Amino acid sequence: MSTPLLSVSNLSVSYGKVEAVRNVSLEVFSGEIVTVIGANGAGKSTLLNAAMGILPAVGEQTFDGAAMGRLEVEDRVAAGLSLVSERRELFSSMSVEDNLRLGAVRFSEREAQARMAGVFDRFPRLKERRRQEAGTMSGGERQMLAMGRALMAGPKVLMLDEPSLGLAPRIVADIFTIIEDLRKDGVAILLVEQNARAALNAADRAYVMELGEITMSGKAADLANDPQIERSYLGFH
Amino acid sequence: MDLTILLFLVQDGITNGAIYALLGFALVLVFAVTRIIFIPQGEFVAYGALTYAMLQGGHVPGTAYLLPIFAFVALLFDLYAERSRITGAFLLRQGIEKIVVPLALLFAAREMAGVSTVSSLILTVAIVAALGPHLYRIAFQPLADRSVLVLLIAAVGTHLALTGLGLVFFGAEGQKADALTDFSIDLGPLPVSGQNIAVYVATVLLIAGLYWFFERTVQGKALRATAVNRLGARLVGIRTKGTGKIALALAAGIGAVSGVLLAPMTTIYYDTGFVIGLKGFVAAIIAGLASYPLTAAAAIAVGLIESFSSFFASDYKEVIVFTLLIPVLLVRSFASKHTDEED
């Protein structure tokens, strides 16, 4: 078996005395869409933030075969790992173009322009709005901008935290189409979603998280048909 | 009061106001990027003025010796912080940044003291601006994630330390530099000196330069982005520790330029900077520590009020200027929503 691009094992994250994530092990291989589903507060976002280096964590973390536990956020971005946070974390008083340009902050102007053209192909909407301030855009556009900005860094693994949160169903469908396109273009995806049905439909493999622990994992299609999952996570959709 | 006196007061007010505007910009810039209310800004002015006066007089300024010391302490901090992941490239970069550059500037100061006005000017700005990043590394980087209050306390401590170091390295004697130029032009009854014109030109150039830097360059945009959203900046790979150093280098450079401009107009002592910096601070606070154009307008107003009050009630001129803060803070506290800082 090949080495995973992103791997965490026995990862634990604590907020003070509360252990929000406990002994979680997870892998993302090249060309995969992997999803983590679970209820609100299960520790999914905490897991992604720890993998990005924003939160201190105990446990082993590797990226593309190399240990990354001690790397700062900035070094993880340079290595090829990007996170689109649940709150998007855009530069709201700056233009769409400036937001994208800063996504490729390490690269030359020429390289950044080439990448920006690629992002505009993927998100034509952003091209129309290129001079608009990020903070004045709709929720769907902001999500697209956050994804576009993350893609500017040229990630090998893109982690998406609740990309469909608060968006209209038609836009959610667009976002999932884009996620599948990204996989075709060679970007592995780690997707955290409360919208479990959409996530399981898009993903190859899935992990189920409950109270900070991974309780089930397997092929997304198998989990989608698991009666317990259906009852707990798919019932309302 | 006749027209001539009025014009003199206005000119004086605008000249001082332009310098306060520069200091106000530095404070807004540092606060936006690092959340530090940067009390020691005035020390950079004093260091700049004294460094320039000494270089012009053919002496090696104390700051030229202070810089390698600061850099060496910062080097020790970095070596300790990175002790488990030291690489050759890291050592090379640190060596250039913290040993070669400071010693080269010291060497240049020894060789070029008194050579020309231009070389003194360039050396002054280079030496004082270079102090900024090391100061950030030593005093503020270890506290970067702490609250505004903690950073303010560190800033007050830094101010006291820099004033003390100023006394050690420059002595208690005040210094005054020669004017940049003897040029003078008469506008009606009002003679405008080359020094005044230099202040206006430098202020306008610095404003234009800052605008270009923040609007047109990636580094400038990265600094703004850090100010807008620190986490977002880290997520795109901006080194927010680096942005703090750039902000302090800019602030120190702006302080040095202000010092060079002031040095021929008034005698500067090691501790003169504080009061000058406070006036920039008043302007920045009136503008809410947020807006550059408002800061410029407020700084000009502070300069004008100061010059008129020094004419009508010279004993009270500082009191009048600083009293301005009270109504401004009152209005601000009623007009704005109170938000407690999260930490």
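**Exercise 1. Find the residue in β10(A) that is the bridge partner of Arg205(A), then place the pair in its sheet.**

Step 1. In β10(A), Arg205(A) has Lys219(A) as its bridge partner. Before going on, note that this is a predicted model, where local features need pLDDT of at least 70, side-chain atom pairs count only at pLDDT 80 or more, and totals for chains, interfaces and linings use all residues. As for labels, residues are numbered from 1 along each chain as its sequence is written, while chains are lettered from A and ligands numbered from 1 in the order in which they are written.

Step 2. Strand β9 (residues 205-210) of chain A runs antiparallel to β10(A), and 6 bridges join them. Strands here are DSSP runs of E with at least two residues, helices are runs of H or I with at least four, and both are numbered from the N terminus. Two strands pair if DSSP finds at least two bridges between them.

Step 3. Look at the turn: 2 residues lie between the strands of this hairpin, and Leu211(A) takes a positive phi near 45°.

Step 4. Zoom out to the open sheet of 6 strands, with mixed pairing and the order β6-β7-β8-β3-β9-β10 (chain A). At its edges are β6 (81-84) and β10 (213-219) of chain A, each pairing on one side only. From one strand to the next, the twist averages 15° (angles run from 0 to 180 degrees between N-to-C directions, and axes are lines fitted to C-alpha atoms, for helices over the stretch in contact).

Step 5. Add the helices. Helix α1 (residues 44-52) of chain A packs on the sheet and touches β3 (33-38), β6, β7 (157-161), β8 (188-193) and β9 of chain A; its direction makes about 145° with that of β7(A). α7(A) also packs on the sheet, touching β3, β7 and β8 of chain A, with its direction at about 155° to that of β8(A). Contact between two residues takes C-beta atoms, placed from the backbone, within 7 Å.

**Exercise 2. Work out the strand order of the open sheet of 4 strands in chain A.**

Step 1. Start with the hairpin of β1(A) and β2(A), which has 2 residues between the strands; Gly16(A) in the turn has a positive phi of about 60°.

Step 2. Strand β1 (residues 6-15) and strand β2 (residues 18-28) of chain A run antiparallel and are joined by 7 bridges. Here Ser14(A) stands opposite Glu19(A) in β2(A).

Step 3. Next, 2 bridges join strand β4 (residues 58-63) of chain A to β5(A), again antiparallel. Thr62(A) stands opposite Ala67(A) in β5(A).

Step 4. Put together, the order is β2-β1-β4-β5 (chain A), with antiparallel pairing. β2 and β5 (66-67) of chain A each have a single partner strand, so one side of each is left without a neighbour in the sheet.

**Exercise 3. Describe how domain 1 and domain 2 of chain A meet.**

Step 1. Set the bounds: domain 1 covers 1-80 + 155-237 and domain 2 covers 91-154, as given by an automatic or database domain assignment. Their C-alpha centres lie 24 Å apart.

Step 2. Check the contacts: 11 residues of domain 1 of chain A are in contact with 9 residues of domain 2 of chain A. On the domain 1 side, α2 (73-79) and α7 (169-184) of chain A each supply at least two residues. The largest share of that side, 3 residues, comes from α7(A).

Step 3. Sort that side by type: 10 nonpolar, 1 polar and no charged. Nonpolar means Ala, Val, Leu, Ile, Met, Phe, Trp, Tyr, Cys and Pro; charged means Asp, Glu, Lys and Arg; the others, Gly among them, count as polar.

**Exercise 4. Which elements give two or more residues to the side of chain A that touches chain B?**

Step 1. Count first: 21 residues of chain A are in contact with 16 residues of chain B.

Step 2. The elements are α2 and α3 (96-103) of chain A. This side of chain A divides into 10 nonpolar, 4 polar and 7 charged residues.

Step 3. Follow α3(A) to helix α6 (residues 139-152) of chain A: their axes come within 6 Å and cross at roughly 35°. Among the residues that meet are Val96(A) and Leu100(A) in α3(A), and Leu145(A) and Met152(A) in α6(A).
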